Amino acid sequence: CGERPVAQAAAQADPAAAPTQARLRALENTPQAREWLGQQRFERDARDFVRDASKLPAGERERRAQALETQIEAREQSGELSAGETVLLRAALIEAGSGSEAEQKARLAALAERYRADAARREAAFVAQQQADPRMQRYKAREKAVVAEVMAMTTIPGGLTRDEYLRQRLQRERELAFDDH
């Protein structure tokens, strides 16, 4: 005997618990289900495009690539796609799209540079934020003193290794520095 579908098995076990068409439709209309179905459709469309792009007429290929690019942009902006996922998808679109090999290489290089520059901007903003935070400045001042103190110790309390003890002390300093009480 093969396995039965879940709905059929549930109906036979307890007919009252079986999902009815109305219940299934209601579930499919929830925001979470619509979001999940949209994500599944997007992933399927992207896979199908990459697989079939070379067989598509140029106009259809460009139209589908642009539609996917629009979705990628929206999904990246909403946080649904990470920068890494976005780069991979955009690179696949470039490689599957039209244009000579030289054009594709140039577009891939521009894509990589765009994300490198974006990462550098985010890193600089994070560093600037940390430098402006008085709590971080307090922690950094204490961090240097704690490291010097622990490194100068000849015996470490509690049977810990120097690294374990240092890690605990620095964690405590972070808690003290960032405690808002």
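Two residues are in contact here when they have heavy atoms within 4.5 Å of each other. With that cut-off in hand, take R64 in this predicted model. Setting aside neighbours within four places in sequence, R64 is in contact with D45, D48, F49 and L56. R64 itself sits in helix 4, which covers residues 58-77. R64 is buried, yet no salt bridge goes with it. The nearest side chain of opposite charge belongs to E60, and at 4.4 Å it misses out because a salt bridge needs a nitrogen and a carboxyl oxygen within 4 Å.

Now for the fold as a whole. The protein chain has eight helices and zero strands, so read from the N terminus its elements simply go α-α-α-α-α-α-α-α. The chain has 181 residues, and 23% of them count as buried. As for how contacts are spread along the sequence, take those with a separation of 6 or more: 42% of these link residues 24 or more positions apart.

Two packed helices are described by the angle between their axes and the distance between the axes. For helix 5 (residues 83-96) and helix 6 (residues 101-132), the angle is about 170° and the axes are 10 Å apart. Angles over 145 degrees count as roughly antiparallel, and that is therefore how helix 5 and helix 6 are arranged. Their crossing is right-handed. On the helix 5 side, the contact is made by A83, T86, V87, R90, A91, I94 and E95. Helix 6 brings Q104, R107, L108, L111, R114 and Y115 to the contact.

The loop between helix 5 and helix 6 is where G97 is found. G97 has a relative accessible area of 15%, and it counts as buried because the cut-off is 20%. Leaving out residues up to four places away in sequence, G97 touches R61 and Q104. Q104 is also among the helix 6 residues that make the contact with helix 5. R61 is 36 residues from G97 along the chain, but the C-alpha atoms of the pair are separated by 6.9 Å.

On to the charged side chains. The whole structure holds 17 salt bridges. One of them pairs D48 with R51, at 3.2 Å from N to O. Both residues lie in helix 3 (residues 31-52), three residues apart, or about one turn of the helix. D48 also turned up above as one of the contacts of R64. R51 has a second salt bridge, to D52, at 2.8 Å from N to O. The two partners in that bridge differ in burial: R51 counts as exposed, at 53% relative accessibility, whereas D52 is buried, with a relative accessible area of 17%.

A salt bridge in helix 6 joins R122 and D118, at 2.3 Å from N to O. R122 and D118 are four residues apart in helix 6, so about one helical turn separates them. R122 counts as partly exposed at 45% relative accessibility, and D118 is also partly exposed, at 24%. Back in the group around R51, salt bridges that share partners join D48, R51, D52 and K55 into one network.

Conventions:
Residues are numbered from 1 along each chain as its sequence is written. This is a predicted model: local features need pLDDT of at least 70, side-chain atom pairs count only at pLDDT 80 or more; totals for chains, interfaces and linings use all residues. Side-chain values use heavy atoms; hydrogens and water are left out. Helices (H or I, at least four residues) and strands (E, at least two) are DSSP runs, numbered from the N terminus. Buried means under 20% relative accessible area, exposed over 50%, partly exposed in between (1.4 Å probe, protein chains only). Lys and Arg count as positive and Asp and Glu as negative; His and the chain ends are not counted. Axes are lines fitted to C-alpha atoms, for helices over the stretch in contact, and angles run from 0 to 180 degrees between N-to-C directions. Angles under 35 degrees count as roughly parallel, over 145 as roughly antiparallel, 65 to 115 as roughly perpendicular and the rest as oblique. A crossing is left-handed if the near helix is turned anticlockwise from the far one by less than a right angle, and right-handed if clockwise.
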